[in-house]
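Welcome, and thanks for taking a look at this one with us. Have the viewer open and follow along as we go through domains, contacts and a sheet.

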Amino acid sequence: MSAAPAAAGGEDAVSVGGAPGGVLGDLMRGSLDHCVKCTICETHCPVSNVTPLFPGPKYVGPQAERFRVAGEASQDASLDYCSGCGICTQVCPHGVHIAEINSQARARMKETAGVPLRDRILGRPTLAGRLGTPVAPLANATLASRPLRRVAEKVIGLHREAAMPTFAGRTFQRWARAHTPPATAARRVAFFHGCGTNYYEPRLGEMTVALLEHNGCAVEVPRQDCCGLPLQSNGLFGDARGYVRRLVARLLPYARAGTDIVGTSTSCTLMLKREAREILGMEDDADLRLVSDAVYDVCEYLVMLHERGELRTDLRPVPETVTYHAPCQQQGHGIGKPALDLLALVPELTVVETDAACCGVAGTYGLKREKYDIAMKVGADLFAQIEAAGPDTSVCDSETCRWHMAKATGVPTVHPVALLHRAAGLA
Amino acid sequence: MTGLSADVLVIGGGATGAGVAWDCALRGYDTVLVDRGDLAEGTSGRFHGLLHSGGRYVVKDPSAAHECVVENAIVRRVAADAIEDTGGLFVTPPGDDPAYGDRFLAGSAEAGMPVEEITPAAALAREPRLNPGLQRAFAVADASVDVWKLVWGLARGASEHGARVLPYHRVLALRRSGDAVTGARVRNELSGEELEIETGFTLNASGAWAAEIAGMAGVEGVHVAPGKGIMIAMNHRLVNTVINRCVMPTDGDILVPIRTVSVIGTTDIRSAHPDDLPVTQAEVDAMLDDGERLVPGFREARAMRVWAGVRPLFEDKKTGDTDSTRDVSRSHALLDHAERDGITGFLTITGGKLTTYRLMAQDTVDAMVAQRGDDRPGTTASTVLPGSSEGKHYTLGTRLRDREAHLDDDQIVCECELIGRRRLEDTMRARGTRNLDDLRRSLRLGMGPCQGGFCMYRATGLLHGIGRLDGPEAVGSLRFFLQERWKGVWPILYGDQLRQARLDDWIFQGLLDVEHLPGDDAGLPPGPDTVPDAEAAVT
Amino acid sequence: MSHDAIDVGTGVAGLTAAVRLAEGGARVLVLAKGVGSTHLTGATIDVLGNPYMGSDPFNVGEAIARLPADHPYARVGGAPAVAAALDWLRAQVADGPLEGYEYAGGLERNRLLPTAVGALKPTAMAPVTMLGGEGRDPVAVVGFRQLKDFHPALVADNLARAGIAARSIELDVAVEGRADANAQALARHFDDPAARGAVAGQLAGRMRAGERVGLPAVLGLRDPARVWRELEHRLGRPVFEIPTLPPSAPGMRLYAILRAALRRLGGRVILGAAVTGPLGAGARLDGVRAAVGRREVVHRAGEVILATGGFAAGGLVLDSRWAGREAALGLPLAGMPAAGEPRFTAGYFDEQPMARAGVAVDGELRPVGRDGAPAHANVRVVGASLAGAAPWREKSGDGISLSSGHRAAELILGAAARPAVAA
């Protein structure tokens, strides 16, 4: 990776609306120079392997990018079929930032072509969360109603079969306000729980806090909002940057104090670790860099404790069979599969590691009317492996993947923390 | 030997020659155009692609600058589809004298060139890769020109008005009848057949080779100094605006975005002969340093190809013999041999720059018309070329958009340049192509970053498949292509490009074993002849 | 977490070393920028083919013995070490997840197998699905309109000039609605019983007596042995596949086999990690530093293997000032022309001055400095980053990768005196 000289001006001074700003943004684009056309990205792209509608990451990334001019309307609509899973960048042996190039190009395309209402809504889960939580039973009934879902599909393009989460009717933040942390603890951590936990899976947040406390951490839950990833995925870069800045402001005091920031959504933590810096071009934001360096995935963090001998390994047997799927964006962390290391500590637990790249949902991609079928084809291999293993539970680190997989397989799907929580006897 | 007759014979199929043929044809003359190779294989095919705003000359040569201003506006109109309206910037990087900018502004005013000084921050907002330490910046009306579209547009236009355009016809001798030049004997390089052309007037538009042709007419004392300049095409557009260094014209002071690449140029070294254009390591290093000055990180970016172009510099003996040919006059030179040498029916046009091709052509044809005593005024300033009738400029995304429309019914053969199978096969059939190297020049097949690593096997199979070549010929053509391509690559083979070359070695030699066909001895390229060392195409 | 060994690279060399180490009970972490050479090569194990070409088969073991001392084969211990590596790979494939899929061959004689331009390339060991390409029996070379990466007429034309009665057939197939399919899409097609049955049906009536059938290397990814046998059965004649442009289906099979073995043996892989430098210095490194995303991380291990793929993969780099370097650990390079000397010459097919540049190693595959002494005791270099060979010219690519990867692992296991774990 080449060094990035400092860009003149603030990030918005050099960005045009959705377009990436600064030199790093251009260096993501510039990484297309490394492409030698080897086809390795194509062979691993889950989307282009199931549909000819998407010409593949090599084509829409480094190849087409040579034909794009910033400010010109984009000429290739097929780019929109990229799911943003990021597998192409992971497997590229030459360091081409393919997924990042695609993401930036798509944002520029949507800037000129316009962003549909559906994508604006899907880009703001906290909006849905805030609206739906007080009226959770009604909201859930609406989402479950087949006729209303058909209408939604027609009107805003949300596929009728897309896996939608259930509103919990309460927020995790509320629980956290009322929760008393232990009096003493070996260390402090800040919990970056994400929208999914807050509005749909507050129980996961509770379990995470309990598990961390069980292992000697005093957990603080700062006020926080969305990380901006759904906005970024839907091409609304300006708004996404605003969300990132607000979240960073919340987490900054912890980073400054040397407190580790732990997250349960591998997508959201990846956003802070790298995507906001590379795709949104916010590398020059010193506050973001400070927070970014302090962020850990919860399994990553627990394994770090384990390596220091500070993890409680007195776990109860769980005589069950589970499958484990590492989401694409978990793989994007480049930390291996710490969930497997942790699950290996649970006596009598049989873990079947699935060997499939992507479940298909890719955040909000698989919810969309025109992409749902593709998403289901992408995930077909994974679903078949899960069904073949016949597990009691399926384990996966990312919430949107869990909802999608659970609906497709019928197998209850949980975060690794849920199993560890149970094995720790905290259930 | 067969023969043909015409009113005018134009020798040289570059921008000037094609422009002359177009002008003549429009004025109703029965015209024949010949070139020893493909059209635009000489200087035109090897320049950096810049349609000058004139800014480069405003201080040194304001009248030349003014010529550019006027012609720039005309060419944008009549050859719209060959022009990409990139705009241009003159910038003062750190270390250069900012005071030159004032002379630049003054010269611009004198030359009538539109210019606007903008802040460095505005320049960087427009082009984030520029040197952040820029001191000054000026916006001008530079553009980049696709010389193939231009030259083939001119040729097509001329043909539509009855001209005969004959590439691959080499002039062997000029015919004299007393003091008049009455035509030429040419050889069809593809068939070997010789042809006698009888004309009333012969126009020598062979640019850097003008002296050779003039000599055939018995004209003495014409010296055209070949001013060699190297250019490096960088793999992608580091900038989308033409960037000029705001100094007195020097080496490596232009960075031109043209199609998918950005071209840094150029050097200026007297060469012995227009076909002898070696690329030296020292020049390459100098260009990379010059690029680094304009765009920090240039040396980490991927250099795709290097080639040498040749400027035709008509030597006025009064300036003397210097290594740097930049001091020799850059305006064009129209030689009236009747007046100069007592030889009628013959004019030579040489020197000049591509931006003023139309003016050069017009001056030439005007002179011929005057000598013939005809009354036929020129109309090229207002006649739009075929393909440009909608007045729309070329945009980079065109090929991408066209490919998008055929994703589900065509195959991509050359991925880097987005060339589809149908187009390739159609071209092969229509042109009677017998070697892949021709396609390299015209379609830019294999001219992208992969250096043919993936597309050349496919293209070889297709060329064999349409029955044009047999097995060993096809593989021979592939080897020949690889050898030709290598010429423009090895002087800049470092970093990413070396990685590509090595991968291509693995594919061609390690996987396909192209260098060992049954029946080969040393396993090396039989292949068609080519113009020696002619690193033909600009990207 | 600390590992016994860190292996940098996921090509043939890297995966071989990792699996062999894991078999021996070592805790292995594979770090790589991405997926490696397997997907790009033909997956034939070419040991040595040039300049020892000929229509007569020749003994590769003898040819290896005649190589210079600095050639990678000499460094790994000559023909016996190469043979051991070939045996090892044969066992891995035979015991792997692809039922019935095997490699055959050895050092006793090279086999001449057709390439996608119709040349005959010598190889020591190849998948059984390809071996039918040997010999001079008549052949119908079959291609697909949808696959632009294989041209059967060209292959047949050139084979015919070698004295083999060859003709070509081009079929039209519906591949997932794609006009433009690659080898992977075709391989999926062949994995589908109905689809391959239809292909066989198209071909069956067009066969001539005594004719073999050559196809591009697309005979399935999941179950290539079954695909191949079914076709042979249905057509009643030998069928063989011919490696062509990437993506390489046989290469992907090899990758799948080695990855499955690694997973089964508890090895770890992290992709998207670029090793940027050593951890520690001196005679023994503590591990490596790597860039992952925007973060620099450290990984500790007792042994480090560099399988970074040479110049083709960016394991070795030449910068714009013509200085070469080894990108991961900064090891010294051998075989680089002196400063100011040309790195390349004008003849494309000539051996370039830089062709054999790489990391020079001792008899234990440890990188050596200018004085010939090992730079680090616990670092080994394998594969295309090694000095002393131009594998694409001499047709030794996968042979060098396989034998050096295997040898490095054996050396490490031997040094640690670990008993081999039953695979």
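The domain assignment splits chain B into domain 1 (2–40 + 148–224 + 329–372), domain 2 (44–144 + 225–307) and domain 3 (398–511). Please keep in mind that this is a predicted model. Below, we start with chain B, move on to chain A, and finish with chain C.

**Domains 2 and 3 of chain B**

- Between the C-alpha centres of domain 2 and domain 3 of chain B there are 30 Å.
- Where these two meet, 11 residues of domain 2 of chain B are in contact with 8 residues of domain 3 of chain B.
- On the domain 2 side, α7 (281–294) and β18 (303–314) of chain B each supply at least two residues.
- The largest share of that side comes from β18(B), with 5 residues.
- Sorted by class, the side of domain 2 that touches domain 3 in chain B has 7 nonpolar, 2 polar and 2 charged residues.

**Domains of chain A**

- Chain A is assigned domain 1 (11–113) and domain 2 (312–423).
- Their C-alpha centres lie 28 Å apart.
- Domain 1 of chain A brings 11 residues to the contact, and domain 2 of chain A brings 12 residues.
- The side of domain 1 of chain A that touches domain 2 of chain A holds 5 nonpolar and 6 polar residues, with no charged ones.

**Where chain B meets chain C**

- Here 48 residues of chain B are in contact with 40 residues of chain C.
- On the chain B side, the elements giving two or more residues are β21 (412–414), α13 (455–465), α14 (471–487) and α15 (495–511).
- Which element gives the most to this side of chain B? The answer is α15(B), with 11 residues.
- The chain B side is made up of 23 nonpolar, 12 polar and 13 charged residues.

**A parallel sheet in chain C**

- In chain C, 4 strands in the order β8-β7-β9-β10 make an open sheet with parallel pairing.
- β8 (166–171) and β10 (239–242) of chain C are at the edges with a single partner strand each, so one side of each has no neighbour in the sheet.
- On average, neighbouring strands of this sheet are turned by 30° against each other, direction ignored.
- Strand β7 (residues 139–144) and strand β9 (residues 212–216) of chain C pair in the parallel sense over 3 bridges, and C:V141 stands opposite C:G214 in β9(C).
- Helix α6 (residues 152–161) of chain C lies across β7, β8 and β10 of chain C and runs at about 175° to β8(C).

Methods. Residues are numbered from 1 along each chain as its sequence is written. Chains are lettered from A and ligands numbered from 1 in the order in which they are written. This is a predicted model: local features need pLDDT of at least 70, side-chain atom pairs count only at pLDDT 80 or more; totals for chains, interfaces and linings use all residues. Two strands pair if DSSP finds at least two bridges between them. Axes are lines fitted to C-alpha atoms, for helices over the stretch in contact, and angles run from 0 to 180 degrees between N-to-C directions. Two residues are in contact if their C-beta atoms, placed from the backbone, lie within 7 Å. Ala, Val, Leu, Ile, Met, Phe, Trp, Tyr, Cys and Pro count as nonpolar, Asp, Glu, Lys and Arg as charged, and the others, Gly among them, as polar. Domain bounds come from an automatic or database domain assignment.
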